[in-house]
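Here are some short exercises to work through with the model open beside you. Try each task on your own before you read its solution.

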Amino acid sequence: MKTVSTRLLVLGSGPAGLTAAIYAARAGMSPVVVQGIQPGGQLTTTTDVENYPGFRDVIQGPWLMEEMQAQAEHVGTRFEWDHISDVDFSRRPFVLTGDGGTTYTCDTLVIATGAQAKWLGLPSEEHMKGKGASACATCDGFFYRGKKVAVIGGGNTAVEEALYLTNHSHDVTLIHRRDSLRAEKILQDRLFAHPGIKVIWHSEVAEFVAGGTPEALVGLDLRDVRTGAISRLDVEGAFVAIGHHPATELFKGKLELDSDGYIAVETGSTRTSVEGVFACGDVMDKLYRQAVTAAGTGCMAALDAERFLAEQEFEALQAAE
Ligand code: FAD
Ligand code: NAP
């Protein structure tokens with residue numbers, strides 16, 4: 001079986017992992033990136049990106065990620081197309097196992113495995129992704145300026161997304177399946193006070209309705225959960241905000257996770273509960289979830305890992321004298 005040994009291993013090839021790799025490679029740490037089953041991460045599933053700094057014109061998500069990977073390769077990163085299915089943090093070097101049986105050993109590890117938005121699971125929702133159905137208002141809200149939009153969910157994310165969308169739309173509807181929100185009171189107060197937002201209670205989405213040429217979202221069929229009655233809400237954008245799944249299954253019982261399953265890090269750093277393991281990007285951030293913030297924490301993780309290795313090497317030298 002193949003074994004890959006490196007000083008620094010990066011798990012994940014989204015903006016966080018690739019930025020960590022660029023910084024680590026430029027610091028001479030010869031990082032290896034294990035790409036996972038989604039090389040390039042979440043941005044490869046979208047088209048237009050308008051908020052990544054440095055580009056005046058609209059750029060494409062997959063293109064941006066190809067450029068990041070090319071930059072990481074150019075400065076000396078090695079890539080492994082594999083998915084990690086087991087980790088052993090009980091000793092150093094850490095040992096990780098890939099799906100195909102490859103063993104990876106590393107002195108320090110940067111985890112950048114990201115998070116995936118939860119979707120309602122309707123076939124019509126799947127069909128309308130990118131054509132009116134989105135899971136990120138901060139990313140896509142701008143494309144619906146002046147149009148009627150809806151947000152589905154009742155937590156902090158849904159309320160924040162509804163408030164954010166009022167920057168672009170004067171007609172925002174929040175759809176929630178119960179008669180009370182679980183969002184913080186201060187956010188609820190802002191939501192209820194906003195003249196551009198109305199709330200539809202006790203309702204769930206039965207269908208995303210397509211129309212026109214080219215095909216685009218024209219409405220949502222809503223089901224009243226008490227009566228089963230169906231009604232049509234005309235909207236051109238529908239933002240599903242019912243939570244995210246951080247990709248942390250692998251780390252349960254091995255790293256401290258917060259109550260929502262995200263990797264817990266020390267405030268102001270990327271240090272996890274295991275010395276020498278660092279986490280960056282959406283896997284440790286449930287608030288911002290942007291490419292640029294993921295890249296920012298990726299940079300932090302590489303710098304934290306570099307300092308950790310330097311300290312280890314200094315201590316080893318002293319012990320040898
Ligand atoms: P991700 O991009 O999620 O990457 C995670 C990586 O980890 C993947 O490469 C995956 O293969 C790998 N991985 C997972 N598990 C394993 C494992 N066990 N072993 C090895 N590898 C593993 N943000 C913006 O700033 N602007 C936008 O316009 C924008 N648009 C978006 C549109 C859509 C449709 C979506 C879904 C998101 C959008 N975002 C946008 C959000 C942005 O994509 C994320 O915030 C960002 O990608 C997070 O980066 P990350 O590196 O933390 O994780
Ligand atoms: P969340 O708190 O889990 O809320 C998810 C919401 O979606 C709930 O209202 C839930 O309804 C609803 N929902 C779930 N599945 C659904 C389905 N299949 N159909 C319809 N509705 C569904 O998720 P979140 O809002 O993303 O927040 C996640 C965590 O991040 C929380 O800890 C939150 O506090 C935190 N966060 C904090 C901030 C902030 O501090 N500013 C911002 C964003 C997120 P029910 O209420 O009926 O269960």
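**Exercise 1: Contacts along the chain**

Among contacts in the protein chain between residues at least 6 apart in sequence, what percentage join residues at least 24 apart?

*Solution.* Keep in mind that you are looking at a predicted model. Start with the contacts whose two residues are at least 6 apart in sequence. Then pick out the pairs at least 24 apart: they make up 59% of those contacts.

**Exercise 2: Overall form**

What radius of gyration does the protein chain have, and what value would a compact globule of 321 residues have?

*Solution.* Step one is the reference: for 321 residues, a compact globule would have a radius of gyration near 20 Å. Step two is the chain itself, with 22 Å, which agrees with that reference. Step three adds the spans of the C-alpha trace along its principal axes, about 75 × 40 × 35 Å. You can also look at the secondary structure, where the protein chain has seven helices and 19 strands.

**Exercise 3: Two domains**

Which parts of the chain belong to domain 1, and which to domain 2?

*Solution.* Begin with domain 1, which the domain assignment gives as 3-116 + 244-320. Domain 2 is assigned to 119-240. Next, find the C-alpha centres of domain 1 and domain 2, which lie 33 Å apart. Finally, look at where the domains meet: five residues of domain 1 are in contact with six residues of domain 2.

**Exercise 4: Unusual backbone spots**

Where are the cis peptide bonds from R92 to P93 and from T213 to P214 placed?

*Solution.* First, a rule of thumb: most peptide bonds are trans, and most residues other than glycine have a negative phi. The bond from R92 to P93 is cis, with omega near -5°, and P93 sits in the loop between β6 (84-88) and β7 (94-98). The bond from T213 to P214 is also cis, again with omega near -5°. P214 belongs to the loop between β14 (203-211) and β15 (216-224).

Now turn to phi. S30 is not a glycine, yet its phi is positive, about 45°; look for S30 in the loop between α1 (15-26) and β2 (32-34).

**Exercise 5: One residue in detail**

Is R289 buried or exposed?

*Solution.* Locate R289 in the loop between β19 (277-279) and α7 (291-320). The phi of R289 is positive, near 50°, although R289 is not a glycine. Now apply the cut-off: buried means under 20% relative accessible area. R289 has 15%, so R289 is buried.

Notes. Residues numbered from 1 in each chain as written. Chains lettered and ligands numbered in written order. Predicted model: local features only at pLDDT ≥ 70, side-chain atom pairs only at ≥ 80, totals over all residues. Heavy atoms only, no water. Helix = DSSP H or I, 4+ residues; strand = E, 2+ residues; numbered from the N terminus. Rg over C-alpha atoms; globule rule 2.2 N^0.38 Å. Contact = heavy atoms within 4.5 Å. Domains from an automatic or database assignment. Buried < 20%, exposed > 50% of the residue type's maximum accessible area, 1.4 Å probe, protein only.
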